[in-house]
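Colleague: Could you walk me through how to read a fold like this one? I would like to go feature by feature.

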Amino acid sequence: MPADAPGIRLVFQEAKDIMRADGNQHQWTGNYPSLAAVEADIKRQGSFVVEDDGRIVAYFALLPSPEPTYAKIYDGAWLDDSAPYHVVHRIGKLHEAHGIFTSIIEFAFKQDPNIRIDTHRDNKIMQHLLTSNGFAYCGIIYLASGDERLAYQRIF
């Protein structure tokens, strides 16, 4: 278990609260994201926290391709489906943390000029953040569970 598990759990819970308050009732349900998912991110060297004065205020995963659920995209196409890319997953933040998404994306583009992200159809906040940060909607992907996600990509 990560040493900072309580801080990450709080971030995930507050992120769920933000989603629910915005009408997104179906994303991040039950125990997801779990600490097992964080541990898997750590094993892939893709687990990151954002701190403010030593306190965890956000979490995200930045993982290298390939992302198996991105192999097939429906009702659209990736901007570039031949180059390697990184995927941003599990972005969560505390209520009072601001500017987190921009910071995460700036960090991601320092690692790779080709970034993909997916989100739930009900996650209007994330959709707005993606389009206002230059991401293009590319189509629909399906998670291993069969759940639909809207897929986005930006090449810097």
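Colleague: Which residues touch the most other members in the largest nonpolar core?

Modeller: Happy to help, and keep in mind that this is a predicted model. The largest nonpolar core has 35 residues, and those touching the most other members are Val88, Ile115, Ile117 and Phe135. Two or more residues each come from helix 1, helix 2, strand 2, strand 3, helix 3, strand 4, helix 4 and strand 6. Strand 2 gives the most, with eight residues.

Colleague: Let me zoom in on one of those. What is Ile117 in contact with, leaving aside its neighbours within four places in sequence?

Modeller: Ile117 is in contact with Tyr70, Val88, Phe101, Ile105, Leu130, Phe135, Leu150, Ala151 and Tyr152. Apart from the largest core lies another one of eight residues, including Tyr70, Ile73, Tyr85 and Cys138.

Colleague: Now the sheet. In what order do the six strands come?

Modeller: The order is 1-2-3-4-6-5, in an open sheet with mixed pairing. Strand 1 and strand 5 (136-142) each have a single partner strand, so they stand at the edges with one side lacking a neighbour in the sheet. On average, neighbouring strands are turned by 30° against each other, ignoring direction.

Colleague: In which sense do strand 5 and strand 6 pair?

Modeller: Their pairing is antiparallel, over six bridges. To find your place there, look for Gly139, which stands opposite Ala151 in strand 6.

Colleague: And the helices? Which strands does helix 1 lie across?

Modeller: Helix 1 (residues 5-21) lies across strand 1, strand 2 and strand 3, and runs at about 85° to strand 2. Helix 2 (residues 35-43) also lies across strand 1, strand 2 and strand 3, but its angle to strand 2 is about 60°.

Colleague: How do I check the length of a helix, say the 12 residues of helix 3?

Modeller: Compare the expected span with the end-to-end distance. At 1.5 Å a residue, helix 3 (residues 100-111) should span 16 Å, and its end C-alpha atoms lie 17 Å apart, which agrees.

Colleague: Which residues of helix 3 are buried?

Modeller: Taking buried as under 20% relative accessible area, they are Ile100, Phe101, Ile104, Ile105, Ala108 and Phe109. Viewed down the helix axis, these buried residues fall within an arc of 160°, so they line one face of helix 3.

Colleague: What do those buried residues pack against?

Modeller: Their partners are strand 1 (47-52), strand 2 (55-64), strand 3 (86-93), strand 4 (114-119), helix 4 (124-132) and strand 6 (148-155).

How values were computed. Residues numbered from 1 in each chain as written. Predicted model: local features only at pLDDT ≥ 70, side-chain atom pairs only at ≥ 80, totals over all residues. Heavy atoms only, no water. Helix = DSSP H or I, 4+ residues; strand = E, 2+ residues; numbered from the N terminus. Expected span 1.5 Å × (residues − 1). Buried < 20%, exposed > 50% of the residue type's maximum accessible area, 1.4 Å probe, protein only. Arc of directions from axis to C-beta. Contact = heavy atoms within 4.5 Å. Pairing = 2+ DSSP bridges. Axes fitted to C-alpha atoms, helices over the stretch in contact; angles between N-to-C directions. Core = buried A, V, L, I, M, F, W, Y, C linked by side-chain atoms within 4.5 Å.
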